[in-house]
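Got a protein chain on your screen and not sure where to begin? Let's take a stroll through this one together.

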Amino acid sequence: MKQKKHWGLACLLSILCSCGQQHTAGTQPDQTVSSTIQQNPVVETIMARRSIRKYKNQPIESEKMQEIIRCGINAPNGKYLESWEVRIVDTPELMEEIQVGYNAYLEKQGRKSGVHPSYGAPVLIFIAYDPTYDLSQVDCGLLGGNMILSAESLGLGTCCLGGLVRYINSPEGAPLLKRLDFPTSHRLLYAISLGYPDEHPAAKPRNAEKVKFVK
């Protein structure tokens, strides 16, 4: 009998608490929504992300790497084509080969060299698209976005790289492109450096006026 009374009391308290929450939500919707957004871990991760150009000399755990890959390939993709191809470089030997080739490429163009194209990150992710599908580049961007945000959530930093890809897609970079072993049906689109950040850059302003609601 006592157990039934205790159960009934618990139910009553639960109902009263839930009603109180509904009343608060109904009278102060803006504050409730604002509080929910501020406490949302996805929003926090997006707003905390920065492009990192200085990394610690620290390897990435295999478990974290696999989780980033899993998040990447679960990105939206048109017609379920999974039109991307991804190659990951994490061996010191190949990273050094990339640096030597990239610096020689810059020097040939009369540009400053000496900095590793990954900014010292221990991992480079290369993403290629299928030019026969007109929205493949969009899918590849979504895949990379998932990787970047999942990396941020795991305490890692990233930076999208374009200059390195220009080198690899050039005649000088042809041997390296061959090493990446993409199928002939795909073209290298961009790369992402990945590692533990050794800097904490401030956020740069964004122009919200570029976004307009159309009625």
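We'll go from the overall make-up of the chain to its sheet, and then to a helix beside that sheet.

First off, keep in mind that this is a predicted model. The chain has 215 residues, and 32% of them count as buried. Its accessible surface adds up to about 14400 Å², with carbon and sulfur atoms making up 57% of that.

Now for the building blocks. There are 8 helices and 4 strands here. If you start at the N terminus and follow the chain along, you meet them in the order α-α-α-α-β-α-β-α-β-α-α-β. What about contacts between residues with a separation of 6 or more? Residues 24 or more positions apart account for 81% of those.

On to the sheet. Strands of a sheet pair through backbone hydrogen bonds, and they can do that in a parallel or an antiparallel way. In this chain, 4 strands form an open sheet with antiparallel pairing, and the order across it is β1-β2-β4-β3. At the edges sit β1 (85-89) and β3 (157-161), each of which pairs on one side only. On average, neighbouring strands of the sheet are turned by 20° against each other, if you ignore direction.

Let's zoom in on one of those edges. Strand β3 pairs with β4 (residues 187-195) over 5 bridges, in the antiparallel sense. To see this for yourself, find C159: its bridge partner in β4 is S193.

Finally, look for helix α5, which covers residues 92-108. Helix α5 lies across β1 and β2 (123-129), and runs at about 70° to β2.

Terms used:
Residues are numbered from 1 along each chain as its sequence is written. This is a predicted model: local features need pLDDT of at least 70, side-chain atom pairs count only at pLDDT 80 or more; totals for chains, interfaces and linings use all residues. Side-chain values use heavy atoms; hydrogens and water are left out. Helices (H or I, at least four residues) and strands (E, at least two) are DSSP runs, numbered from the N terminus. Buried means under 20% relative accessible area, exposed over 50%, partly exposed in between (1.4 Å probe, protein chains only). Contact means heavy atoms within 4.5 Å. Accessible areas come from the Shrake-Rupley method with a 1.4 Å probe; for residues, only the protein chains shown count as cover. Two strands pair if DSSP finds at least two bridges between them. Axes are lines fitted to C-alpha atoms, for helices over the stretch in contact, and angles run from 0 to 180 degrees between N-to-C directions.
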